[in-house]
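Here are a few notes to help you find your way around this one. Have the view open while you read, and take the points in order.

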Amino acid sequence: MADENQELRKAGLKVTLPRIKILQVLERLSDDHLSAEDVYKTLIESGEDVGLATVYRVLTQFEAAGLVDKHNFDGGHAVFELSKADHHDHMVNVDTGEVIEFYDAEIEKRQHQLAEEQGLDLVDHALVLYVKKKR
């Protein structure tokens, strides 16, 4: 729990039990992209007394503090993942909703080239590929 306390303080957030519990869920399920409802259900299943509105509020605070990244993939509902130092893009399986992270140096290079050809500097981007299993 000391690690979570330090992370919250470093992000400029007051250390509260709901924030610690939500951060622990995100860390424990760090390979997943979780909706607020997913986080809430996980907390309830583990016996925690945290309201859904609190989960939404804390995730919004975490996003503002740079602790999590929020994505709005196809389907309109937001999912969250812990912010990572390394850049990655996403593929979303349109049949299952599975989110696959990937990094491709050629794609990254080409995006910078495209911006450069237009006389621009690429400062950030988010690439999402919508995929489905070959039949």
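**Notes on the sheet and a helix pair**

1. A good place to start is Val92, which sits opposite Val99 of strand 4. Keep in mind as you look that this is a predicted model.

2. Now widen the view to the two strands involved. Strand 3, covering residues 89–93, is linked to strand 4 by four bridges, and the two run antiparallel.

3. How are the strands ordered in the sheet? The order is 4-3-5, with three strands making up an open sheet. The pairing is mixed. Strand 4 (99–102) and strand 5 (128–131) are the edge strands, each pairing on one side only. Going from one strand to the next, the twist averages 25°.

4. Next, turn to the helices. Helix 3 spans residues 36–45 and helix 4 spans residues 52–65. Their axes come within 9 Å and cross at roughly 125°, which means that helix 3 is oblique to helix 4. As for handedness, the crossing of helix 3 with helix 4 is right-handed.

5. Which residues meet where helix 3 and helix 4 touch? From helix 3 you have Ala36, Glu37, Val39, Tyr40 and Leu43; on the helix 4 side they meet Leu52, Val55, Tyr56 and Leu59. Sorted by class, this contact between helix 3 and helix 4 holds eight nonpolar residues and one charged residue, with no polar ones.

Conventions. Residues are numbered from 1 along each chain as its sequence is written. This is a predicted model: local features need pLDDT of at least 70, side-chain atom pairs count only at pLDDT 80 or more; totals for chains, interfaces and linings use all residues. Side-chain values use heavy atoms; hydrogens and water are left out. Axes are lines fitted to C-alpha atoms, for helices over the stretch in contact, and angles run from 0 to 180 degrees between N-to-C directions. Angles under 35 degrees count as roughly parallel, over 145 as roughly antiparallel, 65 to 115 as roughly perpendicular and the rest as oblique. A crossing is left-handed if the near helix is turned anticlockwise from the far one by less than a right angle, and right-handed if clockwise. Contact means heavy atoms within 4.5 Å. Ala, Val, Leu, Ile, Met, Phe, Trp, Tyr, Cys and Pro count as nonpolar, Asp, Glu, Lys and Arg as charged, and the others, Gly among them, as polar. Two strands pair if DSSP finds at least two bridges between them.
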